Amino acid sequence: MSTPARYWREIPQRYRLEANKCKNCGKIFFPPRLICNVCQSQELEKTKLAETGKVLTYTIIRVPPHRFVDQAPYAVGIVALDDGTKIAGQIVDCDFGDIKIGMNVRVEFRKIYEMGESGILCYGYKFVPQ
Amino acid sequence: MREVAAIGVGITKWGELWKKSFRDIYVETALLALKDAGVDRVDSIYVGSMSSGLFVGQEHIAALLADYLGQAPIPSARVETACASGGLALKLGYMEVASGMSDVVLVSGIEKMTDVSGNEATYALGTAADQEYEGYHGITFPGLYALIAMAHMEKYGTTREQLAMVSVKNHKNGAKNPVAQFPFEVTVDQVLDSVMVADPLRILDCSPITDGAAAIVLYPAELARKYGKPLVKIIGLGHATDTIELAQRTDITWLNSTYLAAKSAYAMADKKPEDIDIVEVHDCFTIAEICVTEALGFVEKGKGGEAVEQGLTALDGKIPVNPSGGLKAKGHPVGASGVAQAVEIVKQLRGECCDRQVPNPRIGMTQNMGGSGASSIVHIFERE
């Protein structure tokens with residue numbers, strides 16, 4: 001099991017969708033990066049991701065990794081947010097049959113999994129149909 | 001740079017090798033390559049292995065394997081680019097011989113994946129994806145390729161049946177390969193009725209968990225000519241990367257690292273897609289083969305599904321893809337697959353493949369890929 005430090009480090013991104021943006025070319029990075037992968041500028045400023053977008057692609061995970069055994073089957077997808085960035089996560093609060101490519105979703109704060117019986121609860125974002 | 005030839009190849013039966021240890025699988029396979037090459041000592045070893053630490057709890061395998069192969073104290077290095085580790089070993093072996101630093105280099109790959117449970121193997125394979133932003137959300141490896149498949153079907157009209165046909169074709173070839181883990185044929189209906197793993201991918205769309213190794217001896221072509229060995233040269237190679245996270249790519253249906261690696265390899269070899277007679281590609285999932293045939297330039301973007309349906313990629317098609325049975329039927333011991341692809345191409349170019357032999361090929365290609373396409377390595381071979 002990882003130490004809690006590995007979890008804490010990612011909190012700004014996972015809880016608050018904190019990203020950064022290249023001051024030179026405008027590309028948004030999530031998670032934030034130290035150097036732009038387009039223009040190599042190291043001048044980046046904090047920004048926050050859009051909280052709505054569209055499903056670009058999705059699947060239903062039927063054979064899960066061990067941490068997600070009690071959740072399977074569950075839907076995951078890649079969502080194109082309104083600011084142009086793309087992020088991956090679970091799609092929840094709907095029947096699998098209702099999920100469609102192009103569907104509008106909202107990003108919500110949810111529990112992702114429990115790190116074992118005595119471990120921490122891990123939170124982050126999931127996608128909910130709008 | 002010197003011309004480099006593959007003068008010996010070795011591969012042993014792949015599968016769930018409960019009775020054989022990691023080191024014994026490796027040594028048996030490497031000895032076959034040494035015998036085929038007619039050498040008993042090598043100058044240097046490269047071992048491709050994705051995750052011996054997670055699969056068998058053993059790191060520092062390069063020294064261990066050199067020792068058990070009776071080759072210590074020569075230099076030996078393990079290299080890793082996830083499922084493309086074998087391809088990377090071949091690239092580095094090529095560079096070492098081409099540069100003149102060594103004459104005889106053993107290029108090898110191994111993975112023993114059945115010493116851990118299925119869950120643990122799934123976890124180990126998942127470490128090739130972005131652990132913090134894909135794995136964290138419960139996205140598995142089949143899940144990533146399922147996301148690509150859904151998008152490809154939506155964008156290009158690729159059908160569920162076309163995906164199945166990749167599996168059917170590769171099993172048909174694999175049924176003729178004595179080292180294959182699953183040397184039997186399957187039908188489209190069997191694929192479509194198999195257990196769902198990540199929609200739309202079913203278990204018969206997925207490459208299996210495999211124990212296995214593969215090995216090749218590289219040698220300067222000029223010296224090889226003196227000994228009158230059937231000469232297969234490496235005439236081109238390319239290696240490229242992409243974002244580790246699938247979501248961050250501009251077009252998730254396009255394997256840009258494969259496109260760029262192939263572009264470099266074609267330029268180095270002075271060849272075009274039309275010049276390639278035979279190719280082994282990284283069909284870890286059926287959709288992967290479809291996307292790869294597009295990125296290598298054998299078919300237009302979006303036409304990979306049609307190509308398999310029309311038989312263009314069959315053993316007797318315009319461009320035979322995965323004559324060995326591919327990862328799907330032959331098996332996928334991840335670190336070994338890239339080397340095994342090259343073993344198949346060398347044997348095909350030498351005309352040693354019996355029932356699955358493509359008639360008289362001269363130029364062959366391999367494409368080995370790591371993760372959901374964050375690493376790709378392409379090699380081009382020519383029979384002299």
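Helix H4 of chain B covers residues 85-98 in this predicted model. At 1.5 Å a residue, its 14 residues should span 20 Å, and its end C-alpha atoms are 20 Å apart, so the expected and computed lengths agree. An α-helix has 3.6 residues a turn, so residues three or four places apart point the same way. H4(B) is mostly covered, with 11 of its 14 residues buried. The buried stretch begins with B:Ser85, B:Gly86, B:Gly87, B:Leu88, B:Ala89, B:Leu90 and B:Lys91. B:Gly93, B:Tyr94, B:Glu96 and B:Val97 are buried too. Charged residues are therefore found among the buried ones, namely B:Lys91 and B:Glu96. After the helix comes B:Gly100. The phi of B:Gly100 is positive, near 90 degrees.

The helix belongs to a chain with many elements of both kinds. Chain B holds 14 helices and 11 strands. Its radius of gyration is 19 Å, close to the 21 Å that the globule rule gives for 384 residues, so chain B is as compact as a globular protein of that length. Along the principal axes, the C-alpha atoms of chain B fill a box of roughly 55 × 45 × 35 Å. Burial was computed for the whole chain as well. Of its 384 residues, 63% count as buried. Contacts in chain B were also sorted by separation along the sequence. Among contacts with a separation of 6 or more, 77% join residues 24 or more positions apart.

Chain B also touches chain A. The contact involves 27 residues of chain B and 26 residues of chain A. On the chain B side, three elements give two or more residues: helix H5 (118-126), helix H6 (141-156) and strand E5 (196-198). H6(B) supplies the largest share of that side, seven residues. By class, the chain B side has 15 nonpolar, eight polar and four charged residues.

Chain A is divided into domain 1 (1-48) and domain 2 (50-130). The C-alpha centres of the two domains lie 20 Å apart. Nine residues of domain 1 are in contact with 14 residues of domain 2. On the domain 1 side, helix H1 (4-9) and helix H2 (11-16) of chain A each give two or more residues. That side has eight nonpolar residues, no polar ones and one charged residue.

Strand pairing in chain A was examined next. Strands of a sheet pair through backbone hydrogen bonds, either parallel or antiparallel. Three strands of chain A form an open sheet in the order E2-E1-E3, with antiparallel pairing. Strand E2 (28-29) and strand E3 (44-48) are the edge strands, and each pairs on one side only. Five bridges join strand E1 (residues 18-22) to E3(A). Across this pair, A:Asn20 stands opposite A:Lys46 in E3(A).

Another antiparallel pair is made by strand E7 (residues 104-114) and strand E8 (residues 121-129) of chain A, over nine bridges. Here A:Glu108 stands opposite A:Lys126 in E8(A). E7(A) and E8(A) form a hairpin with six residues between the strands. In this hairpin, A:Gly116 takes a positive phi near 80 degrees.

Note on methods:
Residues numbered from 1 in each chain as written. Chains lettered and ligands numbered in written order. Predicted model: local features only at pLDDT ≥ 70, side-chain atom pairs only at ≥ 80, totals over all residues. Contact = placed C-beta atoms within 7 Å. Helix = DSSP H or I, 4+ residues; strand = E, 2+ residues; numbered from the N terminus. Expected span 1.5 Å × (residues − 1). Buried ≥ 20, exposed ≤ 12 C-beta atoms within 10 Å, placed from the backbone. Domains from an automatic or database assignment. Pairing = 2+ DSSP bridges. Rg over C-alpha atoms; globule rule 2.2 N^0.38 Å.
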